[in-house]
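Please look over the structure shown here, which is a predicted model. The briefing is arranged by topic for a reader who works with computed structures.

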Amino acid sequence: MSYTVYVPADSAALSVGAESVAQALTREAATRGAQVRVVRNGSRGLFWLEPLVEVATPRGRVAYGPVTAEDVPSLFEANFLEGGAHRLHLGLTEDIAYLQRQERHTFARVGITDPLSLEDYAAHGGWNGLKNALELAGKDIVENLIESGLRGRGGAAFPAGIKWRTALAATAEQKYIACNADEGDSGTYSDRMIMEGDPFVLIEGMTIAAIAVGATRGYIYLRSEYPHAEHVLNQAIAKASAGGFLGNDVLGSGKAFHLEVRRGAGAYICGEETAMLESLEGKRGMVRFKPPLPAIEGLFGKPTVINNVITFASVPIIFDKGHAHYRDFGMGRSRGTLPFQLAGNIKHGGLVEKAFGLTLRELLYDYGGGSASGRPIRAVQVGGPLGAFLPESQFDTPLDYEAFAKLGAMIGHGGVVAFDDTVDMARMARYAMEFCSIESCGKCTPCRIGSTRGVEVVERIMRGEQREGNITLLRDLCETMIDGSLCAMGGMTPFPVLSALNHFPEDFGIKAASKPAKAA
Ligand SMILES: Cc1cc2nc3c(=O)[nH]c(=O)nc-3n(C[C@H](O)[C@H](O)[C@H](O)COP(=O)(O)O)c2cc1C
Ligand code: SF4
């Protein structure tokens, strides 16, 4: 009898010992003469249970976790290959509430398939979207995408189809597809999980984009700290090319698309799309003026579709199941699902893909299980280092782009970082300014100089020096940064600063916010 056991090769699982677990399983199986095939899958995104080992049984996959190499002999003793009882036994994976209550569309295959098996990908619906898209004219692909309501998942939530339409309308002998995989936001990892756990879905989404707008070359601009993703992507591209899904003649359509990975330069600003283009061209990552839009004059001055990993990875299912199917999920103008990423002081950190519309409180408590420290959650930063801090009174806000914008907050890339009641929000405000001063590209004064002055002003407030006067100065400075910065780096750093000041004035040594803020 031969058994299949799954041990994630995802970076998060590797960081807590998945490699030694896989080796121990192989060794122990050999010692006992058991026929075991170990598949290195992606992570299911239940990080507190990693390394999560699963075994295929006739009833479905049975999960055990968190497993260490030392647990392996006892797992064999407990007959885990048949789903036997053990203190780490979690039952059927699909019955784990955290997973069962999700709506996994973009992440439908992650953790289930072998990330580098073309056969597995095809057996789980892979390439259906591309095949359907190849039957359509470029303008019809674009119209379908517009109808789906898909908006950019990298931060700005711009409608993906409108961007594609602009690139399609541009006339040029060369067009490009550029995937933004720089994933610099604090507490985010969904791009990495897709790239490591289901790389073909990204390749398929980028190829559909190329076919739609008439691009023949594509680049994945990959965060430099993602060596495992780089390795997986390069292998996946080689396999997809050998299988005829990439190259000079995509699936016999006569259309060409060549894809390469480029390692990022290691700066937060290189995730801003125009700085990313500069970096891709081999220059220092400095922000460009807009217009011209990258969809008209982008990489090497040519029309370029730039989208985030999750945006591209959401495209195949839209062309597989139809735009109406995808659009049916969500609320208002926030259609489809978003893979939220729970991080910070949270008991059950991990990935939760859900339709827009659930509340922050549901995410934090029903999924996250509250804080890891057991203390009350006092503040949550959503949307990365430029996102506002939300106090407990705003936890019932639905996760919807417009509802968050109304609060002066943003959903961004879906990163949710929780802080308990020991957090000092004045220090967090100082940190936001400091982050901007370190990561600013330096092109414009409000951001380059303003953020450094901002650190100094917050420090004076923290020391109690002329508090009222310095708070007025801080607000003025934030207003200047919001109105005068060239990009969202300087333009949005005031969001965490002002939200900290307005919602947690006591941490700044004052009773109430001294003046209504423009943002947050
Ligand atoms: C400072 C800064 C950093 C950014 N970092 C990222 C990033 O790491 N990944 C990303 O996809 N978008 C990032 N963005 C947003 C991009 O500029 C751009 O909006 C996005 O790549 C477009 O893709 P989308 O429409 O699919 O979201 C950043 C923006 C700013 C201002
Ligand atoms: S706001 Fe900051 S990061 Fe953006 S262009 Fe200006 S200096 Fe550069």
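The points below deal with the surroundings of ligand 2, the largest pocket and helix α12.

In this predicted model, ligand 2 sits in the largest cavity, while the largest pocket holds about 1200 Å³ of space. Helix α12, which spans residues 273-280, is largely enclosed by the rest of the structure, because eight of its eight residues are buried.

**Ligand 2**
- Around ligand 2 there are 13 residues, of which Cys441, Lys443, Cys444, Cys447 and Cys487 come nearest.
- Sorted by class, the shell around ligand 2 consists of eight nonpolar residues, four polar ones and one that is charged.

**Largest pocket**
- The largest pocket, with a volume of about 1200 Å³, is lined by 46 residues, and those closest to its centre are Gly154, Gly155, Ala156, Gly271 and Glu273.
- Two or more lining residues are given by each of α8, β9, α16 (401-406) and α20 (488-492), and the largest share, four residues, comes from β9.
- The lining of the largest pocket comprises 22 nonpolar, 14 polar and 10 charged residues.

**Helix α12**
- The buried residues of α12 are Glu273, Thr274, Ala275, Met276, Leu277, Glu278, Ser279 and Leu280, and Glu273 is also listed among the residues closest to the centre of the largest pocket.
- These buried residues of α12 pack against α8 (160-169) and against the strands β6 (176-181), β7 (217-222), β8 (258-263) and β9 (304-308).
- After α12 comes Gly282, which has a positive phi near 90 degrees.

Conventions:
Residues numbered from 1 in each chain as written. Chains lettered and ligands numbered in written order. Predicted model: local features only at pLDDT ≥ 70, side-chain atom pairs only at ≥ 80, totals over all residues. Heavy atoms only, no water. Near = heavy atom within 4 Å. 1 Å grid on protein atoms, 1.4 Å probe; cavity = no way out; pocket = protein on both sides within 12 Å on 5 of 7 lines; lining within 4 Å. Sits in = over half its atoms within 2 Å of the grid points. Nonpolar A, V, L, I, M, F, W, Y, C, P; charged D, E, K, R; others polar. Buried < 20%, exposed > 50% of the residue type's maximum accessible area, 1.4 Å probe, protein only. Contact = heavy atoms within 4.5 Å. Points joined across faces, edges and corners; volume = space filled by probe spheres on them.
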